[in-house]
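Q: Please take a close look at one helix pair in this model. I would like the geometry, the residues that meet, and some wider context.

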Amino acid sequence: MLRSSRLVLSHFWLAFITFAGFVPLGVWQMWVRSPLHGGPADPELYYRSVTAHGTALAYVFPTLIAMGFGYAVAVSALDRPLRGEKLAWIGFALVLVGALMSMLAVAGGNSSVLYTFYLPLTGSPFYYLGVVLVVVGSWFWVGLMVYNMVAWKREHPGARVPLAMYGTVANALLWVWTSVGAALMLLLQALPVALGWTSTVDAGLGRTLFSWTLHAIVYFWLFPAYIAYYTLVPREAGGPLYSDRMGRVAFVLLLVLAMPIGLHHLFADPNVGAGWKFLASVFTAAVVIPTLLTVGGVTVSLEVAGRLRGGRGLIGWVRALPWDRPMVLAVGLSLVMLGFGGAGGIINMSYTLDSTVHNTQWITGHFHLIFPGAVAIMYFAIAYDLWPHLTGHPLRSAKLARVQLWLWFIGMIVLTFPWHAAGLMGQPRRMAYYDWSNPAIAAQGPLVSMSAIGGLILLLSGVLLIVVLLRSQSGEKAEVGALRYSRALDDASPLPRALNSLGVWFGLMVALTVVNYGYPIAQSFFLKNNTVPAQSVQIGK
Amino acid sequence: MTNDRFGLIGWLLAFLIAIVSIVIGFVWFPALQANALGLSWWDAICRATGITRPAASASIASSAAAVPTTVVWNMGTLRLIASGNAERGKALAAVCAGCHGAQGISPSDAFPNLAGLPVAVLYKQLDDYRTGKRQNPIMQGMAAALDDQKVADVAAYFASLPTNLQSPAAAPPSLVALGNPIRSIAPCGACHGPLGFKEGAPSLEGQKSAYLKAQLDAFATGARHNDINQQMREVARALSASERDSLAEWYGKPQR
């Protein structure tokens, strides 16, 4: 059994309860908009549902997985008890209370501002406070991850920090800095108007601050998946990791580049100058580098494993891989979704191409391929991998787990490919209903129906996930051994100091933020033309 | 040693890319745009950083009569409206009771109920009568005696009276709930309730049907023209006479 297994298991279970509760809302949203449903749903309910689906699954679910997986890495990769476990429980409690608070506020219908907040729309203060509590809870985790790594390094001078822990702390640092943008927006802008202290809000500044968080938050979700790519996948495939150093380079590049480029979410915003947008486009292109490094490094590692297992020829090694293991199957499916999602992302980040797809259903498709697709499928694999170590019960029904992963992949493709197509046809995202009697858009009807069917497949897969986890936990106990990580081919070679610490990279990230965001934020202090009256969405206001 | 060299090359490359993209984004592209838009170089570069000068607005010829209203929804107006005093307004409003009822609920179908309407709506309509942007012999005469503050006071008084607005008993008709996108008709209910309310748009539930019908017809013919962006004239023109009737009927029906 893993140390602190109760702590980790609590995070994972709360994450998956959130997952099970709020995935069905997404399916409902697709269903009622499609021609399969008789007529339009109540738009008010629709936007309530969008707000709940996004807030729960984009803020609460991945944050809990990142936290839980981080604690698991800290106790197993560093191989010692977690320091500050009490604080970890306080952080968990804050996330739980914050999640409940924001979800109740959304359920009451007073906060349908969508999870991207959209100032000057203002909802109930409890909604914003709830989200702030979730973020503050996650900051406890950030502090503990840094503290545990620093303490370990102090006691092991000169030793290399295990790659999994290095990546986890890089992610913690990325998150603490990137969450500052949304936190500033919530505390300085959204809450004052929600509480009635001010009646106007600088919408341009609000969107700029939110974009500070909006892009890098995706990398915060992505990191646990990448850590699994590097440190769990090669072990499961039966080979070594090709390069530990390459993993570190990818992690620090993600840390430095992910955050300052969020400005590309403002390509259509008039308050940001075109020069900054172009700069953001260039920097966003640079993020392709760590992603390709990762895809390359993982693929090479898999090839080594395949050849060690007797695979021959150009692609014979692919067949030789142990695809019956959930982790190996998940990484294969994940890389396919990452490939399609990444290709779409390159279109989104191009300043000129973006104008074709901006705010269309294409964006929803891109986003779902990356996060609930490529990333969440690795969360499932991580859960399957950790479950025996957390519960003391080996994973039962491995076959069901494979079916679950396949269904998730198929469902996600059926959901998102039609979205991309509809987006190219000009279908806007976040519409409560489409008028299917309108001949101009009737051709998009079958695409929306197809997506709704994809949603149903995903729902089935989600149910199977919970079944597998519950079944395994209620099975017979057995000795499962320690949680192990992949060995790397270059484990023994010397490591530059910069790749064993993160301070300098954190500094670079902050500096690049100042370059990219300094002026667009500073301009709000002397350009006042973005200040507009707040629009309350609260019932009765 | 080779490591160091690769590191150096990497840093130099990153620095070079940053410089080149700054030149492209802030100098080269703006210079191209400057030609296309007839801007000076310097203005184009400022524009690329996000600093813009207010556009010269003289190009649009506008006669005073073509301006639909002089009310602007800026902070000054909103503050003025918020400063309205219902007590002072009550004294000023004594003359209104004859047509609009002692409690703002009109005894006659021809005159609208005023009780509990959004304060910004009351302010704008009264101010439009005062400036002649909305025309009605009686109301223009009444409003002429008021100044900015008094208009706000009267508005505050009527807004403070208990409303007769009631929730609809039956589901709203399709034009109210969904509009008609093919004919570019926005849903009435999105601005006038029950779906939502916009600043300056009156809530209509429980209003007098005959009054609503007369206003829709006046918008359709252009006899009433104090809607800021012509949105009501556009919509009313797109509606058939029988649709205008049934909408006025539904909103005016004593509901539940």
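A: What follows goes from one helix pair to the chain contact and then to the domains. The model is predicted.

The pair lies in chain A. Helix H2 of chain A covers residues 43-77, and helix H7 of chain A covers residues 216-231. They pack with their axes 10 Å apart, at an angle of about 40°. Angles under 35 degrees would count as roughly parallel, and 65 to 115 as roughly perpendicular. H2(A) and H7(A) are therefore oblique to each other. Their crossing is left-handed.

Now the side chains involved. H2(A) brings A:Pro62, A:Ile65, A:Ala66 and A:Phe69 to the contact. Facing them, H7(A) supplies A:Phe220, A:Trp221, A:Phe223 and A:Pro224. By class, the residues of this contact are eight nonpolar, no polar and no charged.

Next, the contact between chains. Chain A gives 17 residues and chain B gives 17 residues. On the side of chain B, the elements with two or more residues in the contact are helix H1 (2-37), helix H2 (41-49) and helix H3 (75-82) of chain B. H1(B) has the largest share of that side, with eight residues. This side of chain B is made up of twelve nonpolar, four polar and one charged.

Last, the domains of chain B. Domain 1 spans 13-49, domain 2 spans 70-160, and domain 3 spans 174-252. Between the centres of domain 1 and domain 2 of chain B, taken over C-alpha atoms, there are 52 Å.

Definitions and conventions. Residues are numbered from 1 along each chain as its sequence is written. Chains are lettered from A and ligands numbered from 1 in the order in which they are written. This is a predicted model: local features need pLDDT of at least 70, side-chain atom pairs count only at pLDDT 80 or more; totals for chains, interfaces and linings use all residues. Axes are lines fitted to C-alpha atoms, for helices over the stretch in contact, and angles run from 0 to 180 degrees between N-to-C directions. Helices (H or I, at least four residues) and strands (E, at least two) are DSSP runs, numbered from the N terminus. Angles under 35 degrees count as roughly parallel, over 145 as roughly antiparallel, 65 to 115 as roughly perpendicular and the rest as oblique. A crossing is left-handed if the near helix is turned anticlockwise from the far one by less than a right angle, and right-handed if clockwise. Two residues are in contact if their C-beta atoms, placed from the backbone, lie within 7 Å. Ala, Val, Leu, Ile, Met, Phe, Trp, Tyr, Cys and Pro count as nonpolar, Asp, Glu, Lys and Arg as charged, and the others, Gly among them, as polar. Domain bounds come from an automatic or database domain assignment.
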